[in-house]
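Dear colleague,

I am passing on the structure we spoke about, and below it you will find my notes on what turned up when I went through it. Please read them with the structure open beside you.

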Amino acid sequence: MRVPSSVVLPVGTHTDCCQEADVEEKRCDIMSKIAAMLEERKSNLSHFIDNLEGSEESEFYVDQWERLKEMENHTLTILNLVPVNCTDRCDIKKLEAVILEHVRNEELFPEVVRVLPPIYRQVEAAIVDVAQSEEMADHGMMDLQYLLSKLSHREHLANLGRELLQDILRYLHRIGLVIWYEEIEHLENTVFLQPTFLITMFKLLVRYRLVQQLESIS
């Protein structure tokens, strides 16, 4: 909901635990709940914005108002839910085909027709190679300048500059191959070559009802 022009494909699993007639009923129920959730989000955003605009000290909330207005303008496309029996290989192939069909839809993903320069693929392959090398630490964190140095030592990337590498990293960040928080001052010079490490860390640190869990410990 916070990402501009998001496209979401809901997938319903465990259809093997349902009667065939129940699957469609559950699919419709889930889609209606998603639609209600989106309407509630839209209503809440409008409510928050109206409250800020009507505040006697609205000038103190300009930043918050701008963030809310930005979120209000974000479009969120919800595709039809795909029911899947994960124990059936045919269902997995069906899901794969549906994903590919949507990804190739130029109306959903207008950038799918953009042709990337060959160096994008070369740098991507080189970064994957670096990430999988034995010298790479498990956390996958690497200094941006050091990464540039590692890549430029490769013969076909000898002329790779920092500005071009940053453009390529933005693309690789968008497709999820690496994580690069260039907008965060303390992290702008760090590239995470192993996004799964971050996911593991977040799962350890960000927990549901964490405060209550900690308070329950004597």
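The helices α1 and α2 are roughly antiparallel to each other, and since this is a predicted model, please take what follows as a description of that model. The angle at which α1 packs against α2, a helix of residues 62-73, is about 155°, with 10 Å between their axes; because an angle over 145 degrees counts as roughly antiparallel, the pair falls into that class. The crossing in which α1 passes α2 is left-handed.

On the α1 side, the contact is made by R41, L45, S46, F48, I49, L52 and E53, while α2 brings Q64, W65, L68, K69, M71 and E72 to it. Sorted by class, the residues in this contact of α1 with α2 are 7 nonpolar, 2 polar and 4 charged.

Helix α1 covers residues 20-53, and E20 is found in it. With a relative accessibility of 74%, E20 counts as exposed, because the cut-off for that class is over 50%. E20 and E39 lie 19 residues apart along the chain, and their C-alpha atoms are separated by 30 Å.

A rather different case is S6, which has its place in strand β1, residues 6-8. S6 has a relative accessibility of 13% and therefore counts as buried, the limit being under 20%. Although S6 and L76 are 70 residues apart along the chain, their C-alpha atoms are separated by 5.0 Å, and S6 is in contact with T75, L76 and T77 when its neighbours within four places in sequence are left aside.

Turning to the interior, the largest nonpolar core has 23 residues, and I127, L151, L169 and L193 are those with the most contacts inside it. Two or more residues are given to this core by each of the elements α4 (118-132), α5 (144-152) and α6 (162-174), and α4 supplies the largest share, namely 6 residues. A second, separate core has 5 residues, including L45, I49, L68 and M71; these four also appear among the residues through which α1 and α2 make their contact.

One residue of the largest core that may be worth displaying is L193. Its contacts, apart from neighbours within four places in sequence, are I127, V130, A131, M136, G140, M142, L147, L177 and V178.

With best wishes

Notes
Residues numbered from 1 in each chain as written. Predicted model: local features only at pLDDT ≥ 70, side-chain atom pairs only at ≥ 80, totals over all residues. Heavy atoms only, no water. Core = buried A, V, L, I, M, F, W, Y, C linked by side-chain atoms within 4.5 Å. Buried < 20%, exposed > 50% of the residue type's maximum accessible area, 1.4 Å probe, protein only. Contact = heavy atoms within 4.5 Å. Axes fitted to C-alpha atoms, helices over the stretch in contact; angles between N-to-C directions. Parallel < 35°, antiparallel > 145°, perpendicular 65-115°, else oblique. Left-handed = near helix turned anticlockwise from the far one by under 90°. Nonpolar A, V, L, I, M, F, W, Y, C, P; charged D, E, K, R; others polar.
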